[in-house]
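Reader: Hey, I've got this one open in my viewer. Can you walk me through it?

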Amino acid sequence: HDELIVTTDDATDPARWEGAGLLDVLRGYAEFFLRRSRDGPGFTRARLQLALDDAEIAAQEEKGWVYTYDRVFQLLWARRREIGRTPKGDSIRFVLDQVAGSINARAVLPGVGRAVDTDAEFLDAIVESARQFLRIDP
């Protein structure tokens, strides 16, 4: 989990996203999460399996992903003025859950019904879905 935290620190550094809009940050997060999920799907599955039986591994996994989620949430929250939907915090959390679930299905469960073929189309759909849900003007 330490590698995830170091990588997350770099990917979520506010200076990196200076001047970027909320949807740009969300797309960056989705790309990062998709890449991380694909880098080692076997490792990810094995680690999750171990976490079912080992409370320490489960706690490490949770700590790493909660840390990532919190960092991304803060980046999106800093851009909350772009959001037309309320409550804004809950809306951001829902979008982050939706992104995580969609990416897990695409990266970890290959062959499960795919609405789009390419990763670029998938990421475009993720961002458009979030835009509409959050009521962000195009």
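Author: Sure, let's go through the fold, a few contacts and some backbone details. Keep in mind that this is a predicted model.

Reader: Okay, basics. How many helices and strands are there in the protein?

Author: Six helices and zero strands. From the N terminus on, the elements run α-α-α-α-α-α.

Reader: What share of the residues is buried?

Author: Buried residues make up 36% of the 138 residues. As for contacts with a separation of 6 or more, 73% of them are between residues 24 or more positions apart.

Reader: Let's do helix packing. At what angle do α4 and α5 pack?

Author: About 130 degrees, with the axes 10 Å apart. Helix α4 covers residues 55-77 and helix α5 covers residues 88-108.

Reader: And what do you call that arrangement of α4 and α5?

Author: Oblique. Angles over 145 degrees would count as roughly antiparallel, and the value for α4 and α5 is about 130 degrees, so the pair is oblique. The crossing of α4 past α5 is right-handed.

Reader: Which residues of α4 and α5 meet there?

Author: On the α4 side you have Tyr 69, Val 72, Phe 73, Leu 76 and Trp 77. They meet Lys 88, Gly 89, Ile 92, Arg 93, Leu 96 and Asp 97 of α5. By class, that contact of α4 with α5 has seven nonpolar residues, one polar and three charged.

Reader: Now α5 against α6. At roughly what angle do the axes of α5 and α6 cross?

Author: Roughly 160 degrees, and the axes come within 10 Å. Anything over 145 degrees counts as roughly antiparallel, so that is the label for α5 and α6. Their crossing is right-handed.

Reader: Which residues in α5 and α6 meet?

Author: From α5, it's Ser 91, Ile 92, Phe 94, Val 95, Gln 98, Val 99, Ser 102, Ile 103 and Arg 106. From α6, it's Asp 119, Phe 122, Ile 126, Ser 129, Ala 130, Phe 133 and Leu 134. Sorted by class, the contact of α5 with α6 comes to ten nonpolar, four polar and two charged residues. Ile 92 also turns up in the contact of α5 with α4.

Reader: Arg 106 caught my eye. Is Arg 106 buried or exposed?

Author: Buried: its relative accessibility is 6%, and the cut-off for buried is under 20%. Arg 106 is found in helix α5.

Reader: So what is Arg 106 in contact with?

Author: Leaving aside neighbours within four places in sequence, Arg 106 contacts Arg 38, Arg 114, Val 116, Asp 117, Thr 118, Asp 119 and Phe 122. Asp 119 and Phe 122 are also among the α6 residues that meet α5.

Reader: How about Arg 16, where's the place of that one?

Author: Arg 16 is in the loop between α1 (2-11) and α2. At 49% relative accessibility, Arg 16 counts as partly exposed. Setting aside residues up to four places away in sequence, Arg 16 touches Asp 10 and Ala 11.

Reader: Switching to rings. How many aromatic pairs does the structure hold?

Author: Three. One of them is Tyr 29 with Phe 33, with ring centres 5.8 Å apart and planes at 25 degrees, so that pair is stacked. Both lie in helix α2 (residues 22-39), four residues apart, about one turn of the helix. Tyr 29 is buried at 7% relative accessibility, and Phe 33 is buried too, at 6%.

Reader: What about Phe 73 and Trp 77, what's the geometry of that aromatic pair?

Author: Also stacked, with 6.0 Å centre to centre and 10 degrees between the planes. Phe 73 and Trp 77 are four residues apart in helix α4, so about one helical turn separates them. Phe 73 is buried at 10%, whereas Trp 77, at 29%, counts as partly exposed.

Reader: Last bit, backbone oddities. Which residues does a cis peptide bond join?

Author: Thr 86 and Pro 87, with omega about -10 degrees. Pro 87 is in the loop between α4 and α5.

Reader: And what's phi of Arg 135 near?

Author: Near 60 degrees, which is a positive value in a residue other than glycine. Arg 135 is in the segment after α6 (119-134).

Methods:
Residues numbered from 1 in each chain as written. Predicted model: local features only at pLDDT ≥ 70, side-chain atom pairs only at ≥ 80, totals over all residues. Heavy atoms only, no water. Axes fitted to C-alpha atoms, helices over the stretch in contact; angles between N-to-C directions. Helix = DSSP H or I, 4+ residues; strand = E, 2+ residues; numbered from the N terminus. Parallel < 35°, antiparallel > 145°, perpendicular 65-115°, else oblique. Left-handed = near helix turned anticlockwise from the far one by under 90°. Contact = heavy atoms within 4.5 Å. Nonpolar A, V, L, I, M, F, W, Y, C, P; charged D, E, K, R; others polar. Phe/Tyr/Trp six-rings, centres within 6.5 Å; stacked < 30°, edge-to-face > 60°. Buried < 20%, exposed > 50% of the residue type's maximum accessible area, 1.4 Å probe, protein only.
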